[in-house]
Amino acid sequence: MPKRKYFVSVSILIVYILLCCYITYDNISFTNISIGDIVLKGSKPREIPIAKLEIKKLGINRYIYNFNSSYNTVEKNISILKESILPDHDNSIVFLAAHSGNSKISYFNNLGNLGLNDIVHFYYNNYKYSYQTTKIYEVKKNGYIGINKNTKKQLILTTCSTKHKRKQLIVESILIKKEKYHI
């Protein structure tokens, strides 16, 4: 019996050492950062979204990340532009941009299918902000968009035109309703 226990103990030790070598070789080491969250050592913690955009008519339901997040780029997601003033401030204006086209990151590909008076929801800071589209138009693509800021809270959506190569599609909307919202 002692030989058998010795053999089992040595076998377990060898498997453990091989597993440790494999993990070290692949540079995979785990660090516990919080209850329920385990990330690879050296990677940054999971980023938390600050808002969510929902356009039921287009089937859009995407999280929006903070201005300095690595996910706040049109190459990965719908991007909130740094010029935005979030809706919990007076005279707010939120600018959201995304790609159009046929790739998996073309979240605004069907933005041109929105019509006047369609509803866009923006969830932020425990509130659901409902915006109504008021103006849809195209401008020459030059890296900038000129918006006439009015006294109402606004949400501006923009993408490249799917109809005209050198144009930018702009969808302007104004806040029509703000209500408490809990996830």
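What share of the 183 residues of the chain count as buried? In this predicted model, 34% of the residues of the chain fall into the buried class. The chain holds 1 helix and 10 strands, and its elements, followed from the N terminus, run in the order α-β-β-β-β-β-β-β-β-β-β, so that the helix comes before the strands in the α-β notation.

Of these strands, 8 form an open sheet, in which the order is E4-E3-E7-E8-E10-E9-E6-E5 and the pairing is mixed. The edges of this sheet are taken by strand E4 (60-64) and strand E5 (79-80), and because each of them has a single partner strand, one side of each is left without a neighbour in the sheet.

Beside the edge strand E4 stands E3, and the two run antiparallel, joined by 5 bridges. Within this pairing, Ile55 has Ile60 in E4 as its bridge partner. The hairpin of E3 and E4 has 4 residues between the strands, and in this hairpin Gly59 takes a positive phi near 75°. Strand E3 also pairs with E7, again in the antiparallel sense, over 4 bridges, and here Lys52 stands opposite Tyr123 in E7.

The surroundings of E3 deserve a separate description. Strand E3 (residues 51-55) has 5 of its 5 residues buried, and it is therefore largely enclosed by the rest of the structure. The cover extends to both faces of E3, since Ala51, Leu53 and Ile55 on one side are buried, as are Lys52 and Glu54 on the other. The charged residues Lys52 and Glu54 thus belong to the buried residues of this strand.

Tyr123, the residue opposite Lys52, also takes part in an aromatic contact. The structure holds 4 aromatic pairs, and one of them is formed by Tyr123 and Tyr181, whose ring centres lie 4.7 Å apart and whose planes stand at 55°, so the pair is tilted. This pair links distant parts of the chain, because Tyr123 lies in strand E7 (residues 119-124) whereas Tyr181 lies in the segment after strand E10 (167-180), with their positions 58 residues apart along the chain. The two residues belong to separate accessibility classes: Tyr123 counts as buried at 10% relative accessibility, below the 20% cut-off, while Tyr181 is partly exposed, with a relative accessible area of 29%.

A further pair is made by Tyr127 and Tyr129, with ring centres 6.2 Å apart and planes at 50°, so this pair is likewise tilted. Tyr127 is partly exposed, with a relative accessible area of 26%, whereas Tyr129 is buried, with a relative accessible area of 0%. The ring of Tyr127 also meets a charged group, as the charged end of Lys178 sits over this ring, 4.4 Å from its centre. A contact of this kind also involves Tyr71, over whose ring the charged end of Lys76 sits, 5.5 Å from the ring centre.

On the other side of the order given for the sheet, E9 is followed by E6 and then by E5. E6 and E9 pair in the parallel sense over 5 bridges, and within this pairing Ile93 stands opposite Gln154 in E9. The loop between E5 and E6 contains Asp90, which counts as exposed because its relative accessibility is 72%, over the 50% cut-off. Although Asp90 and Lys153 are 63 residues apart along the chain, their C-alpha atoms are separated by 7.5 Å.

The strands E6 and E9 also contribute to the largest pocket, which has a volume of about 380 Å³. This pocket is lined by 18 residues, of which Leu81, Ala97, Gly143, Thr158 and Gln168 lie nearest its centre. Strand E6 (93-97) and strand E9 (154-160) each supply at least two residues of the lining, and the largest share, 3 residues, comes from E9. By residue class, the lining divides into 8 nonpolar, 7 polar and 3 charged residues.

Note on methods:
Residues are numbered from 1 along each chain as its sequence is written. This is a predicted model: local features need pLDDT of at least 70, side-chain atom pairs count only at pLDDT 80 or more; totals for chains, interfaces and linings use all residues. Side-chain values use heavy atoms; hydrogens and water are left out. On a 1 Å grid over the protein atoms alone, a cavity is a set of points where a 1.4 Å probe fits but cannot get out, and a pocket is an open set with protein on both sides within 12 Å along at least five of seven lines; lining residues have an atom within 4 Å of a point. Grid points are joined across faces, edges and corners, and a volume is the space filled by probe spheres set on the points. Two strands pair if DSSP finds at least two bridges between them. Rings of Phe, Tyr and Trp (its six-membered ring) pair if their centres lie within 6.5 Å; planes under 30 degrees apart count as stacked, over 60 as edge-to-face and the rest as tilted. Buried means under 20% relative accessible area, exposed over 50%, partly exposed in between (1.4 Å probe, protein chains only). A charge sits over a ring if NZ of Lys or CZ of Arg is within 6 Å of the ring centre and within 35 degrees of the ring normal.
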